[in-house]
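Reader: Could you walk me through reading a model like this one? I'd like to start with the strands and end with the chain contact.

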Amino acid sequence: MPTMTLNDAVLELDAEGFLADANQWNEGVAEAIARENGIPVLTEDHWKVIRYMRDTWFASGQAPTIRSLGKESGVDVKTLYKLFPKGPAKLAAKIAGIPKPHGCI
Amino acid sequence: MTMSMPELETGAAVQPITKVNIIISKGSLEGIYPGLIMANGARMEGIEANVFFTFFGMEAVLKGKNEHIKVATVGNPGLHIPTMLGGLPGMSSMVTHMMQKKMETLDIPPIDEFVQLIADSGAMLYACKASVDMFDLKQEDFVDAVDSIITVGDFYQMAGGEGSHIIFT
């Protein structure tokens with residue numbers, strides 16, 4: 001299993017680089033994953049999305065749909081794609097430390 | 001943290017899809033949604049997306065029409081409704097209503113909202129010049145999400161590039 005090392009903590013990842021255990025996540029982990037994926041600094045808007053994704057995932061066991069992200073995360077769809085150019089499925093979920101979304105929407 | 005590329009059995013790396021060019025040519029609910037879902041899904045994965053609306057597929061992006069798109073209940077064997085019954089008044093509305101209710105529970109937006117969401121996600125939406133001429137339409141007849149009216153030649157040109165694919169629905 002691939003791993004990433006951050007401040008001496010070894011974190012397990014799946015084959016696509018998503019955290020294997022969402023509980024191993026913390027803000028430092030988010031910042032490290034973001035940097036590796038071309039986002040040097042996480043702004044307040046990034047954090048809104050990240051927190052919303054984590055809250056949804058822990059509450060329902062699923063990543064939020066794009067529609068609910070746009071309506072409820074506090075960031076509209078246009079801004080969402082500016083914040084995470086590689087898309088909410090791939091990048092925002094990865095930074096939020098939750099598994100890759102399995103839904104199609 | 002490294003992510004390895006999937007490999008073919010020959011060991012050659014798979015060329016990832018970097019762009020999809022989706023053609024939506026049908027005007028029924030079940031003819032429009034698949035293309036929209038694929039366009040939205042592409043953007044969610046960070047894949048560039050162009051959507052080209054042609055013939056009755058333009059119903060999805062016509063003002064005043066895209067809120068009223070229905071399931072085809074005649075000539076649609078997958079529904080398992082006998083053709084004679086499928087043609088009864090109100091049948092199409094009823095089946096559409098049932099399907100929309102189910103989609104709402106899955107958080108799949110209605111077509112008009114979905115089109116705007118896809119445009120907001122950075123996908124580019126176009127109407128087909130030949131169809132526009134055939135139905136005597138103008139740019140103003142389309143919702144704002146439609147960028148412009150383009151020719152087939154323009155479409156092929158923008159569909160070019162390595163990792164780019166054309167999907168016809």
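Author: What follows is a chat about strands, helices, the core and the contact between chains. Keep in mind that this is a predicted model.

Reader: Let's begin with the sheet. In what order do the five strands of the open sheet in chain B run?

Author: Read a sheet by listing neighbours from one edge to the other. Here the order is S4-S3-S2-S1-S5 in chain B, with parallel pairing. The edges are S4 (146–150) and S5 (164–168) of chain B, each of which pairs on one side only. On average, neighbouring strands are turned by 25° against each other, ignoring direction.

Reader: And how do I read the register between two strands?

Author: Pick a residue and look for its bridge partner. S1(B), residues 19–24, and S2(B), residues 48–53, pair in parallel over six bridges, and Asn21(B) has Asn50(B) in S2(B) as its bridge partner. S1(B) also pairs in the parallel sense with S5(B), over five bridges; there Lys19(B) stands opposite Ser164(B).

Reader: Why is S2(B) described as largely enclosed by the rest of the structure?

Author: Count its buried residues: five of the six in S2(B) are buried, so the strand is largely enclosed by the rest of the structure.

Reader: What about chain A? How are S1(A) and S2(A) joined?

Author: Check the pairing sense, then the turn. S1(A), residues 3–6, and S2(A), residues 9–12, pair antiparallel over four bridges, and Thr5(A) has Val10(A) as its bridge partner in S2(A). The two strands form a hairpin with two residues between them, and Asn7(A) in that turn has a positive phi of about 45°.

Reader: On to helices. How do I describe the way two of them cross?

Author: Take the distance between the axes and the crossing angle. In chain A, the axes of H2 (residues 44–60) and H5 (residues 88–96) come within 9 Å and cross at roughly 80°. That makes H2(A) roughly perpendicular to H5(A). Val49(A), Ile50(A), Met53(A) and Arg54(A) of H2(A) meet Ala92(A), Ala93(A), Ile95(A) and Ala96(A) of H5(A). By type, the contact has seven nonpolar residues, no polar ones and one charged.

Reader: Which residues touch the most other members of the largest nonpolar core?

Author: The general idea first: in soluble globular proteins, nonpolar side chains tend to be buried together. The largest nonpolar core here has 63 residues, and those touching the most other members include Ala92(A), Phe53(B), Val115(B) and Ile118(B). Helix H1(B), residues 29–44, gives the largest share of this core, seven residues. H1(B) lies across S1, S2 and S5 of chain B, at about 165° to S1(B).

Reader: Where do the buried residues of H4(B) pack?

Author: Follow the buried face to its partners. Among the buried residues of H4(B) are Ile111(B), Phe114(B) and Ile118(B). The buried residues of H4(B) pack against H3 (66–72) and H4 (77–83) of chain A, together with H1, S2 and S3 (124–128) of chain B. Take Ile118(B): beyond its neighbours within four places in sequence, its contacts include Leu36(B), Ala39(B) and Val51(B). Just after H4(B), Gly122(B) has a positive phi of about 100°.

Reader: Last one: how many residues of each chain are in contact?

Author: Count each side on its own: 18 residues of chain B are in contact with 23 of chain A. H1(B) supplies the largest share of chain B's side, five residues. That side divides into eight nonpolar, six polar and four charged residues.

Note on methods: Residues are numbered from 1 along each chain as its sequence is written. Chains are lettered from A and ligands numbered from 1 in the order in which they are written. This is a predicted model: local features need pLDDT of at least 70, side-chain atom pairs count only at pLDDT 80 or more; totals for chains, interfaces and linings use all residues. Axes are lines fitted to C-alpha atoms, for helices over the stretch in contact, and angles run from 0 to 180 degrees between N-to-C directions. Angles under 35 degrees count as roughly parallel, over 145 as roughly antiparallel, 65 to 115 as roughly perpendicular and the rest as oblique. Two residues are in contact if their C-beta atoms, placed from the backbone, lie within 7 Å. Ala, Val, Leu, Ile, Met, Phe, Trp, Tyr, Cys and Pro count as nonpolar, Asp, Glu, Lys and Arg as charged, and the others, Gly among them, as polar. A nonpolar core is a set of buried Ala, Val, Leu, Ile, Met, Phe, Trp, Tyr and Cys residues joined through C-beta atoms within 7 Å. A residue is buried if 20 or more other C-beta atoms lie within 10 Å of its own, exposed if 12 or fewer, and partly exposed in between; C-beta atoms are placed from the backbone. Two strands pair if DSSP finds at least two bridges between them.
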